[in-house]
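Visitor: Could you walk me through this structure, one feature at a time? I would like to hear the reasoning behind each answer.

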Amino acid sequence: MSGNIDRRGFLRAGAAALGGSVLTYAIGANAAGNSPAKPDAAGFTGPSGSPVRGGTLVFSDTDTVASWQNQRLGTYSSGNLTAPTNVLLLYFDPYRKIFQPWVAEQWGKNPENTRFWFKIRKGITFSDGTALTPQVVAKNIEQFGRGNEKLRIPVHPQIARGYERVEVDGDTVTVILNKPNQQFLRDVTRSNSAIVGEKKLALSLEEAGLPQNHVGAGPFVLQSYVPGQGATLVRRVGYNWAPGGSPNQGEAYLDKIIWQVLPEIGLRTGALISGQVDVARGIQPADEAAIIEQGFQLLAYRPPLGTSNFAALRVNNEFTKDLRVRQALVLGIDRVGLSRDALTPRYPPPISILNADNPNAVDLSAEFAYNPDKARDLLEQAGWTRGADGVRGKDGKRLQLSVPQSSQQVALGPAWEYIAQQWRKELGIVLDVRNDPSFAAKANQDVNIPIIVNRTSIISLGQFFADTGNTTLLASPPELVALYQRELEAEDDAAFRQVQIEQQKALLKGAYVIAYFEEAQTFGAAPNVHLTFQAQTYPDFYNAWKKA
């Protein structure tokens, strides 16, 4: 199978495969419901039996990767590409929903969540042949916690919270914080927490971002890279330090991964069906039926520790600062109709801001169910009345809002088109949906943009909605700040769950967020590909294999 992408060929193949027909949703036996943290196999289950060693997997992704430096891994695609080349202190097993040993063979913490220790496994080496030692781990954590001003390396956005120092005693590395962080163990399982070699740690931000300078210890190594187009990863010979609980404990099954960038949404289905790629990330809802009808796998994977897709409402924006307006927006979306008419069963209505597979999720759906009559009453109470054109106005201003969305998040386009039409017709609100990367970047810091869309995995609700400098609300409401402090201080999982339940209720009571559909990463895969996923919804290429 060729690793070169010919977009004109994709267009021809895609048109032939789809045949120009009007597609209807074809739902397989397991399409509407998937077990927690497992792929949703709609229409095809993939190969069974013992894993097969060897072969090349061609993977189509949606975005280029601008940097390989940990603190600059800002996109989902960057995790897809770099994760197979890296190792982490701990692995979060998405199927068992427990921590597993990886670089650290043992670990622990104090009840105050200010002291975390890790016993480092022996025998791990980096791709340049150097040993992964406790001292190297400590240097990684020090750079995470403090950054490096001389090298222009920023701090790690999660691990730096309360970071004071790191100590090494024999095989044990201890991280000491000056304030609690209950999420620290989860933070070291993030894709941007990879332990890298000393040579990379010594590089500037720009140099460390170059793929050819990457020094990781994962089951694959970079063989080649073409900026803006793709990369080739090859199996690392001698790799035998897999996470605990991994089905594979030796070298990767695959010989090679060809990672290709194909940003054109509509072409990815054609690429898969025509055999030019084995796995395509980001199958748009309109193409799901074609995937199933052609006998391919449609894998919709939901994050086990993540959120639903949500929109944050800025409390300091001139339009959404009024609680009644925010409440009206929350109540003014028919989520059942959204999933049915604009999306597919792979994106069901949410039960909360937390994804339904998240063990801390609590079902609050009845409290934000579609209620256009109440939404209209709230807008009237807030002084927004309909004009002759049906659009609400107040003090000479129209109720016109804007929201950024990315074409690479395939469900967002049809979802927000549906919401915009519903708000215009039922509520008299004009919504400007902006598919513009520069506008999306601006939205992170501009309070004049009232709505921002998001989703996240390995979630701290406090960090997203209360932490100083958060880009979600661009504010820190006092009740959310208090809950965030309790979240960081929670002594155990039970206490953390209780706080997250209260956070979910507080976010709804204050109408700070709109949860509008369950998050899922949707992949198309060839029938001969066996593929599972990691906690942050990245494909687990280490355990992937192809049936000959």
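The talk below goes through helices, cores, a pocket and a few single residues.

Guide: Happy to! Please keep in mind that this is a predicted model.

Visitor: How far apart are the end C-alpha atoms of helix α3?

Guide: Helix α3 covers residues 134–146, which makes 13 residues. At 1.5 Å a residue, the expected span is therefore 18 Å. The model agrees with that, as the end C-alpha atoms of α3 are apart by 18 Å.

Visitor: Which elements do the buried residues of α3 pack against?

Guide: The buried residues of α3 include Val136, Val137, Asn140, Ile141 and Phe144. An α-helix has 3.6 residues a turn, so residues three or four places apart point the same way. The partners of the buried residues in α3 are β6 (115–120), β7 (163–169), β8 (172–177) and α5 (198–201).

Visitor: Which residues touch the most other members of the largest nonpolar core?

Guide: In soluble globular proteins, nonpolar side chains tend to be buried together. Here the largest nonpolar core holds 77 residues, and α3 gives the most to it, with five residues. The members that touch the most others are Leu89, Phe118, Leu132 and Val137.

Visitor: What is Leu89 in contact with, leaving aside neighbours within four places in sequence?

Guide: Two of the best-connected core members, Phe118 and Val137, are among the contacts of Leu89. Ile141, which is one of the buried residues of α3, also touches Leu89. The full set for Leu89 is Trp102, Val103, Ala104, Phe118, Ile120, Val137, Ile141, Val188 and Ile195.

Visitor: How many residues are in the other core, the one that includes Ala415 and Ala420?

Guide: Ala415 and Ala420 are among the buried residues of α12. Their core, which lies apart from the largest one, also includes Leu379 and Ala511. The number of residues in it is 45.

Visitor: How far apart are the end C-alpha atoms of helix α12?

Guide: Helix α12 has 16 residues, 412–427, so at 1.5 Å a residue it should span 22 Å. Gly428, with a positive phi of about 75°, comes just after α12. The end C-alpha atoms of α12 agree with the expected span, at a distance of 21 Å.

Visitor: Is Ala511 buried or exposed?

Guide: Ala511 sits in the loop between α16 (493–509) and β21 (513–517). Its phi is near 50°, a positive value in a residue other than glycine. With a relative accessible area of 1%, which falls under the 20% cut-off, Ala511 is therefore buried.

Visitor: And what does Leu474 count as, at 23% relative accessibility?

Guide: Leu474 lies in the loop between α14 (461–465) and α15 (478–489), and its phi is positive, near 55°. Its 23% lies between the cut-offs of 20% and 50%, so Leu474 counts as partly exposed.

Visitor: Which strand gives the most to the lining of the second largest pocket?

Guide: The second largest pocket has a volume of about 570 Å³. Its lining has 37 residues, and Tyr91 is one of those nearest the centre; by class there are 22 nonpolar, 11 polar and four charged residues. Four lining residues come from the strand that gives the most, β3 (residues 90–93).

Visitor: How far apart in space are Ala231 and Pro211, C-alpha to C-alpha?

Guide: Ala231 belongs to strand β10 (residues 230–235) and is buried, with a relative accessible area of 4%. Pro211 is 20 residues from Ala231 in sequence. In space, C-alpha to C-alpha, Ala231 and Pro211 are apart by 9.4 Å.

Terms used. Residues are numbered from 1 along each chain as its sequence is written. This is a predicted model: local features need pLDDT of at least 70, side-chain atom pairs count only at pLDDT 80 or more; totals for chains, interfaces and linings use all residues. Side-chain values use heavy atoms; hydrogens and water are left out. Helices (H or I, at least four residues) and strands (E, at least two) are DSSP runs, numbered from the N terminus. The expected span of a helix is 1.5 Å times one less than its number of residues. Buried means under 20% relative accessible area, exposed over 50%, partly exposed in between (1.4 Å probe, protein chains only). Contact means heavy atoms within 4.5 Å. A nonpolar core is a set of buried Ala, Val, Leu, Ile, Met, Phe, Trp, Tyr and Cys residues joined through side-chain atoms within 4.5 Å. On a 1 Å grid over the protein atoms alone, a cavity is a set of points where a 1.4 Å probe fits but cannot get out, and a pocket is an open set with protein on both sides within 12 Å along at least five of seven lines; lining residues have an atom within 4 Å of a point. Grid points are joined across faces, edges and corners, and a volume is the space filled by probe spheres set on the points. Ala, Val, Leu, Ile, Met, Phe, Trp, Tyr, Cys and Pro count as nonpolar, Asp, Glu, Lys and Arg as charged, and the others, Gly among them, as polar.
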